[in-house]
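The exercises that follow are meant to be worked with the sequence and the structure open side by side. Each one sets a task, and a solution then goes through it step by step.

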Amino acid sequence: MTAREPAEARTAESESRPTTSETRTTTTTAPTTGRSTQTATLAEIAREAGVSAPTVSKVLNGRADVAPATRTRVEELLRAHGYRRRRAEAGRSPLIDLVFHELESAWAMEVIRGVENVARDAGLSVVLSESAGRLTPGRTWADQVAARRPHGVVLVLSGLDESQRALLTSRSIPFVVMDPAGDPGADVPSIGATNWQGGLAATRHLVELGHRRIGAITGPSRMMCSRARLDGYRAALETAGLPVDQDLVRPGDFHHETGYRQGLELLRRPDRPTAVFAGNDLQALGLYEAARELGLRIPEDLSVVGFDDLPVARWVGPPLTTVRQPLTEMAEAAARLVLDLARETGTPATRVELATSLVVRSSTAEPPSNTAPKQVG
């Protein structure tokens, strides 16, 4: 059911002429120019842009055969006149667009499963795109979405710039951000999780076991979820009256390799931590590898807590204590919300956070009884 398509791919769609119902718009505000109430036909917009009406139609339909400068000029005028195609007449394709900033992760599979569940029940397919690590898809992706006219777009750890938002809005293509990297804005529907509470619960669990030197491998500082988890870690230490040792906090990127590399540095310290909050499960698995390489046993010599509760967390040895982030449920909620918005039954500005929960398994235990940690090479 899922079709993967690079975010920068370009296609052309046969030219469609505007229908009578699409040629007029009325608005009380003009976002980009501050103009007063005005009504404009596509023909009038074409005259103002110095192009033909079919060219304006091509821009509206996401056609590729329009010069970039012409496309920009027409888009600016469409925004200035507050043009918005009526949803009932937009001719939607039976699709949901799902956009990741990167796909090389078991984390992504849980999200895909959730969106697929909702799409399948609605008789829709999923178009999968990746923005090659960027937190905002490229402009050609937005053109492709406009040409496809899906029921809606779900963006994962991504966002849209102002021109992309205006493009989708003018085509009445709703979008929802799941686990937003930054602040999506009060007017952007989003689905997240209680990341701060999860970081607090993970660290508090280690404190309650008796650990006093607790390290952390964070996620990218540009991502809101990563900052919230780190803040929860700090809050748990401060509440327990423990200092936050910045030497034990290492930057990560949510990848296995970084968990391994930063884990080696932490565990080779003469005053190494007896426990580490790894920020996500993949980094926790990298930390497992570093501990094995240095001859440290989990949990006898080192306790480890992850975040996400991916299926692999139950399979590793020992099974990983982690914070469950309901990824599949979050993706289902995002897909349902975007379909509600497409049917005009959803709330335009919605921020939903699903609860996280600590799952205690076998990777955490009381710290070693001796005060001096086992030295490693």
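**Exercise 1. Describe strand S8: which way its residues point, and which strands it pairs with.**

Solution. In this predicted model, begin with the side chains of S8: Ser-190 and Gly-192 point one way from the strand, while Ile-191 and Ala-193 point the other way, and all of them are buried. Next, look at the neighbours of the strand. S7 and S8 run parallel and are joined by 2 bridges, and within this pairing Met-178 stands opposite Ile-191. S8 also runs parallel to strand S14, which covers residues 351-354, and here 4 bridges make the connection; Ser-190 stands opposite Arg-351 in this second pairing.

**Exercise 2. Find the residues other than glycine with positive phi at Ser-172 and Asp-179, and decide whether they are buried or exposed.**

Solution. Take Ser-172 as the starting point, where phi is near 55°. Ser-172 lies in the loop between helix H6 (162-170) and strand S7 (175-178). Its relative accessible area is 2%, and because buried means under 20%, Ser-172 is classed as buried. Then move to Asp-179, which has a positive phi of about 50° although it is not a glycine, and which is found in the loop between S7 and strand S8 (190-193). With a relative accessibility of 3%, Asp-179 therefore falls under the same 20% limit and counts as buried.

**Exercise 3. Locate the cis peptide bonds that precede Pro-299 and Pro-318.**

Solution. Follow the chain to Ile-298, whose peptide bond to Pro-299 is cis, with omega near 10°. Pro-299 has its place in the loop between helix H10 (281-293) and strand S12 (303-308). Continue to Gly-317, which a cis peptide bond joins to Pro-318 with omega at about -5°; the loop that holds Pro-318 lies between helix H11 (312-315) and strand S13 (321-324).

**Exercise 4. State which residues touch the most other members of the largest nonpolar core, and which elements supply that core.**

Solution. The largest nonpolar core has 38 residues, of which Leu-98, Phe-100 and Met-178 touch the most other members. Strand S4 (95-100), helix H4 (106-121), strand S5 (125-130), strand S6 (152-156), S7, S8 and helix H12 (327-342) each supply at least two residues of this core. H12 gives the most, with 10 residues. To see the surroundings of one central member, select Leu-98: leaving aside residues up to four places away in sequence, the residues that Leu-98 touches include Val-111, Ile-112 and Val-115, together with Val-126, Val-127 and Leu-128, and also Val-154 and Val-156. A second, separate core of 21 residues includes Ala-278, Leu-287, Ala-290 and Ala-291.

**Exercise 5. Test whether the end-to-end distance of helix H7 agrees with the span expected from its number of residues.**

Solution. H7 covers residues 195-209, which is 15 residues, and at 1.5 Å a residue these should span 21 Å, because the expected span is 1.5 Å times one less than the number of residues. The C-alpha atoms at the two ends are 22 Å apart, which agrees with the expected value. Now colour the helix by burial: among the buried residues of H7 are Asn-195, Gly-198, Gly-199, His-205 and Val-207. Finally, note that Gly-210 follows H7 and has a positive phi, near 110°.

**Exercise 6. Trace the open sheet that contains S9, then work out what lines the largest cavity.**

Solution. The open sheet has 6 strands in the order S10-S9-S11-S12-S13-S15, with mixed pairing. Its edge strands are S10 (249-250) and S15 (357-359), each of which pairs on one side only. S9 and S10 pair in the parallel sense over 2 bridges, and the bridge partner of Ile-217 in S10 is Arg-250. Ile-217 also belongs to the lining of the largest cavity, as do Ala-216, Ser-226, Arg-229, Leu-230 and Phe-254, among others. The volume of this cavity is about 50 Å³, and a search of the whole structure finds 1 cavity of 30 Å³ or more. Strand S9 (214-217) and helix H8 (224-239) each supply at least two residues of the lining, with the largest share, 3 residues, coming from H8.

Note on methods:
Residues numbered from 1 in each chain as written. Predicted model: local features only at pLDDT ≥ 70, side-chain atom pairs only at ≥ 80, totals over all residues. Heavy atoms only, no water. Buried < 20%, exposed > 50% of the residue type's maximum accessible area, 1.4 Å probe, protein only. Pairing = 2+ DSSP bridges. Core = buried A, V, L, I, M, F, W, Y, C linked by side-chain atoms within 4.5 Å. Contact = heavy atoms within 4.5 Å. 1 Å grid on protein atoms, 1.4 Å probe; cavity = no way out; pocket = protein on both sides within 12 Å on 5 of 7 lines; lining within 4 Å. Points joined across faces, edges and corners; volume = space filled by probe spheres on them.
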